[in-house]
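Here's a quick briefing to read with the structure open. Have a look around first, then use the notes below to find your way.

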Amino acid sequence: MFVPSRQYRVGGPSRYFDVTRSPLRGGAGEIIGVLCVWHDVTTFHTAVEELREAAERCRAMSEYSFEWEAWQDAQGRILYMSPSFSRITGYSTPEFLANPELISSIIHPDDRARYDEHRHATVIDCGAGAEPEMVFRVVRPDGEIRWIEHYCRGVFRGDGTFLGRRASNRDITETRRAEERLKASEQKFRLVFENSPLGKSMTTVDGHLEVNRAFCDLLGYSKEELANKSWRDITHPDDIVATEQAIAPLIAGTSTVARFEKRYLHSSGRVVWAEVVTALQRDSDGTPLFFITTVSDITGRRHEGSHLR
């Protein structure tokens, strides 16, 4: 009779043994003893435990990753999709396993050719030359479109054998939507800025100008000419200090809007009186970016006032 082996742990420093027991028989076949063979399997047991712990860490990293992780073998077959695949795409893992081409079918039609080309390239170049990054859209079952930022890189065995590609896909939909809202807001601002009947300028903190057509008409310069000038270049010399004093509270943060009158110099050399309303735009950290200024021509009003006096 042979007794299957079992593993034992002995006291002291942990050692593990694989013990095999078999009966010893006498000349008449009777059992006269038991032969026990002890094999020290501590090294093997430790390696198995380390492998199990490493696998558990890898599982935790992939299964609980907020990003959609994927594994593609050297032939281009997708072997693994993390649970975030379902959260992002709206399709379950069983649906994907039942239809391996599902991933291609849910790519937005406008992005599909580029995605298929990228996926094909990751196979034929054996991980060497395919573009590692791209952005594409997927269409969920309810029709919602999600933007995906995709990164992948080749995976190789120690001897250099190409094993496939590891991919990480991040849902950047909210970021894209925020960018689109910002772009729409900037377009609206630009439309109002460019088409205002009043002179408008955006002046950097070091004094350089970006102006609209009405501002150009007011002072007789082209946009290109004013782009090479600072506000001091077009301000009457006697009003430069007064202008600096008027905007100082904005820079100091003690005021949000400044309103004052000043004299500009027309390209012809004549004086243009203007009412100026300006505010300082800052970034999210509070650093000054530029002044947004509206300029109204009050030259006629100032002349009428001087005649009355």
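Before we get to a kinked helix, one term: the bend at a residue is the angle between two fitted axes, one through the seven residues ending there and one through the seven starting there. Keep in mind that this is a predicted model. The protein has 10 helices and 13 strands, and 35% of its 309 residues are buried. Among contacts between residues at least 6 apart in sequence, 38% join residues at least 24 apart.

**Helix 9**

- On that definition of bend, helix 9 has a kink of about 30 degrees at A246, shortly before the proline P249.
- Even so, the end-to-end numbers look ordinary: helix 9 has 13 residues and reaches 18 Å from its first C-alpha to its last, close to the 18 Å expected at 1.5 Å a residue.
- I240, T243, I247 and L250 are the ones to look for on the inside, as they are buried in helix 9.
- The buried residues of this helix pack against strand 11, strand 12 and strand 13.
- Just after helix 9 comes G253, with a positive phi of about 85 degrees.
- E244 also sits in helix 9, and it counts as partly exposed because its relative accessibility is 31%.
- Beyond residues up to four places away in sequence, E244 touches W231 and R232.
- The C-alpha atoms of E244 and R232 are separated by 9.7 Å, with their positions 12 residues apart along the chain.

**Nonpolar cores**

- In soluble globular proteins, nonpolar side chains tend to be buried together.
- The largest nonpolar core here has 22 residues, and V211, F215, L219, L226, I234, Y264 and V295 touch the most other members.
- Two or more residues of this core come from each of strand 10 (209–211), helix 7 (213–219), helix 9 (240–252), strand 11 (257–265), strand 12 (271–282) and strand 13 (288–297).
- Another core lies apart from that one, with 19 residues that include A70, I78, I88 and I107.
- Back in the largest core, take V295: leaving out its neighbours within four places in sequence, V295 contacts L198, G199, F215, L218, Y264, A274 and E275.

**The largest pocket**

- The largest pocket has a volume of about 240 Å³.
- Its lining has 21 residues, and those closest to the centre are T203, W231, T243, I247 and T293.
- Strand 9 (199–204), helix 9, strand 11, strand 12 and strand 13 each supply at least two residues of the pocket lining.
- Helix 9 shows up again here: T243 and I247 are among its buried residues, and both are on the list of residues closest to the pocket centre.

**The cavity**

- Searching the whole structure turns up 1 cavity of 30 Å³ or more, and the largest cavity has a volume of about 190 Å³.
- There are 17 residues lining the largest cavity, with Q72, I78, Y115, H150 and A167 nearest its centre.
- Strand 4 (68–73), strand 5 (78–81), helix 5 (109–124), strand 7 (145–156) and strand 8 (162–171) each give two or more residues to that lining.
- I78 is one to click on, being near the cavity centre by that list and also a member of the 19-residue core.

**Three more residues to check**

- L163 lies in strand 8, and it counts as partly exposed because its relative accessibility is 28%.
- Leaving aside neighbours within four places in sequence, L163 is in contact with W71, Q72, D73, A74, V155, F156 and R157.
- L163 and A74 are 89 residues apart in sequence, yet their C-alpha atoms are 5.2 Å apart in space.
- S84 is in helix 2 (residues 84–89), and it counts as buried because its relative accessible area is 6%.
- Away from its neighbours within four places in sequence, S84 contacts S65, F66, E67 and W68.
- R190 is found in helix 6 (residues 173–195), and its 31% relative accessibility is why it counts as partly exposed.
- With neighbours within four places in sequence left out, R190 is in contact with M202 and E210.
- R190 and N212 are 22 residues apart along the chain, with 9.5 Å between their C-alpha atoms.

Note on methods
Residues numbered from 1 in each chain as written. Predicted model: local features only at pLDDT ≥ 70, side-chain atom pairs only at ≥ 80, totals over all residues. Heavy atoms only, no water. Core = buried A, V, L, I, M, F, W, Y, C linked by side-chain atoms within 4.5 Å. Buried < 20%, exposed > 50% of the residue type's maximum accessible area, 1.4 Å probe, protein only. Helix = DSSP H or I, 4+ residues; strand = E, 2+ residues; numbered from the N terminus. Contact = heavy atoms within 4.5 Å. Expected span 1.5 Å × (residues − 1). 1 Å grid on protein atoms, 1.4 Å probe; cavity = no way out; pocket = protein on both sides within 12 Å on 5 of 7 lines; lining within 4 Å. Points joined across faces, edges and corners; volume = space filled by probe spheres on them.
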